[in-house]
Amino acid sequence: MLLEREVEIEYRPRMLEALQNKVDAVADSLQGQTPVCSQCHQTMKRHDTETVSWVARFGGLNASVVRYRCPTCRGECRPLLDLLGVEPGRISGSLARLLALLAVVAPYSLAAALAELLLGVKISPMGIWKVVQRLGESACRFSTGLSHYHADSRSEGASTQDAPAVVVLGVDGAMLGRQVRTHRRRRQGSETLPPLPPLEEGQFQEVKTGVVILPGERVETSPGRHSVVRRFLVSCLGDADTIFAALYAQLRELGWVGPHTVVVIVSDGAEWIWNRAKMFVRRCEILDFWHALEHAWGFARLNYGEGSQQADRWIHQIATDLRAGKVQEVIARLKRLRPKTPELREKLQGLIAYYSEHAGRMRYDEYLRLGYGIGSGAVESAHKQVVHARFRQAGMRWSEAGARRLLALRLLLLNDQWALLDRLPMVAVA
């Protein structure tokens, strides 16, 4: 351990020197090259030269930067900074992406501590927050642009030559606590930050998450327990149309939605999901088996008593019949019941109406035979990994922009697409 640390301490200055030499070489290569204005296409004039510094993985770098100005439209540019993709006084390059990676998996304060321990970089939580906002905004724009591109009927997706026969979609929503404030809190001197305003009822925002899997890639990891080999996650703070547009874009990017592909939608019964599922012509709608039983449990607890064995036996029989595809027999049996109280009668009528409405989505024996699955466990698990593990820790409240940007970065990591961030520029945000 000590030897490794000694080597790191010894060679870190040398790596910084080597990186500075490469920056100087790039600057030398631009000497004598006069840029052309991107707006009016006129040759730009040299305006001034200044020394610019920024922070990289191994320490601070600097360069003598020439600024050019267009005499016609007065536009400005600094070719060296544009080529390097850096901004004066800011964190850039691989360091920014490593810091964002830490923030994706840990709160900002913990990410700052990890940056010092793992990277040897001292940075404040606010410094990491700024990096996340800039990279996250870039990831958001890419995701939004992808949805808009695939929403255009003239766009081309990936080849569907090897499109799967069946693809399964799960969609659900979870709530995030929102920040409630009229202005940004600021620390006065050495004083602590004033507390956030109380989070009143209704000050929440829903995060919609979708998961895309192939049923043929579901494996049995242990008796009765199944897992998927791979999955692709989609999440957003937008409305129902936004999440389904993102799901459709993901399918087209993967080439998983061919002319003969059956899209299976597993849902808890929310009307907004069934309404948007109509966008897929060849589809199979499945009501989540456990949500179907949950409605039956509501009647059983009221009729037989909370925790009673009779309620357990009654639900067990309902579950067995539903798995066997006997939903009509279950409905007929429910209709023969004669509850004694108005409350029980109302509860029973609600259960009968629910099963009758979704009977066409409750052919569980057929779904199991085809290997589609009958539960929404995949999207419930996705919620826990995408949202709960990072966004719903103790005391966390989010602005819409802050949650949206961090969410876009977390999806890149969980979808094994983090390398995509190397091709996206860091953008300035207000």
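The following paragraphs lead through a predicted model, from its sheet and the helices across it to its nonpolar cores and two residues of unusual backbone geometry.

A suitable place to begin is the open sheet, in which five strands follow the order S8-S5-S4-S9-S10 with mixed pairing. Strand S8 (232-236) and strand S10 (283-287) form its edges, each pairing on one side only. From one strand to the next, the twist averages 20 degrees. In general, the strands of a sheet pair through backbone hydrogen bonds, and they do so in either a parallel or an antiparallel sense. Within this sheet, strand S4 (residues 166-177) and strand S5 (residues 204-213) provide an antiparallel case, their pairing extending over 10 bridges. Along this pair, valine 171 stands opposite glycine 210 in S5.

Two helices may be considered together with these strands. Helix H6 (residues 240-254) lies across S4, S5 and S8, and runs at about 155 degrees to S8. Helix H14 also lies across S4, S5 and S8, with an angle of about 175 degrees to S8.

The side chains of the interior come next. Nonpolar side chains tend to be buried together in soluble globular proteins. Here the largest nonpolar core comprises 82 residues. The residues with the most contacts inside this core are Ile128, Val264, Trp314, Leu322, Tyr355, Tyr364 and Leu409. What does leucine 322 touch, if residues up to four places away in sequence are not counted? Its partners are Phe289, Leu293, Val327, Val330, Tyr355, Met362 and Tyr364. Apart from the core that holds leucine 322 lies another, of 21 residues, including Phe232, Leu247, Val263 and Trp274.

Finally, the backbone deserves attention at two positions. Most residues other than glycine have a negative phi. Arginine 74, although not a glycine, has a positive phi of about 65 degrees. This arginine is located in the loop between strand S2 (59-69) and strand S3 (76-77). Is arginine 74 buried or exposed? Arginine 74 has a relative accessible area of 52% and therefore counts as exposed, the cut-off being over 50%.

The second position is aspartate 416, where phi is near 60 degrees, again a positive value in a residue other than glycine. Aspartate 416 is found in the segment after helix H14 (400-414), the helix that lies across S4, S5 and S8. With a relative accessible area of 73%, aspartate 416 is likewise exposed.

Methods
Residues numbered from 1 in each chain as written. Predicted model: local features only at pLDDT ≥ 70, side-chain atom pairs only at ≥ 80, totals over all residues. Heavy atoms only, no water. Core = buried A, V, L, I, M, F, W, Y, C linked by side-chain atoms within 4.5 Å. Buried < 20%, exposed > 50% of the residue type's maximum accessible area, 1.4 Å probe, protein only. Contact = heavy atoms within 4.5 Å. Helix = DSSP H or I, 4+ residues; strand = E, 2+ residues; numbered from the N terminus. Pairing = 2+ DSSP bridges. Axes fitted to C-alpha atoms, helices over the stretch in contact; angles between N-to-C directions.
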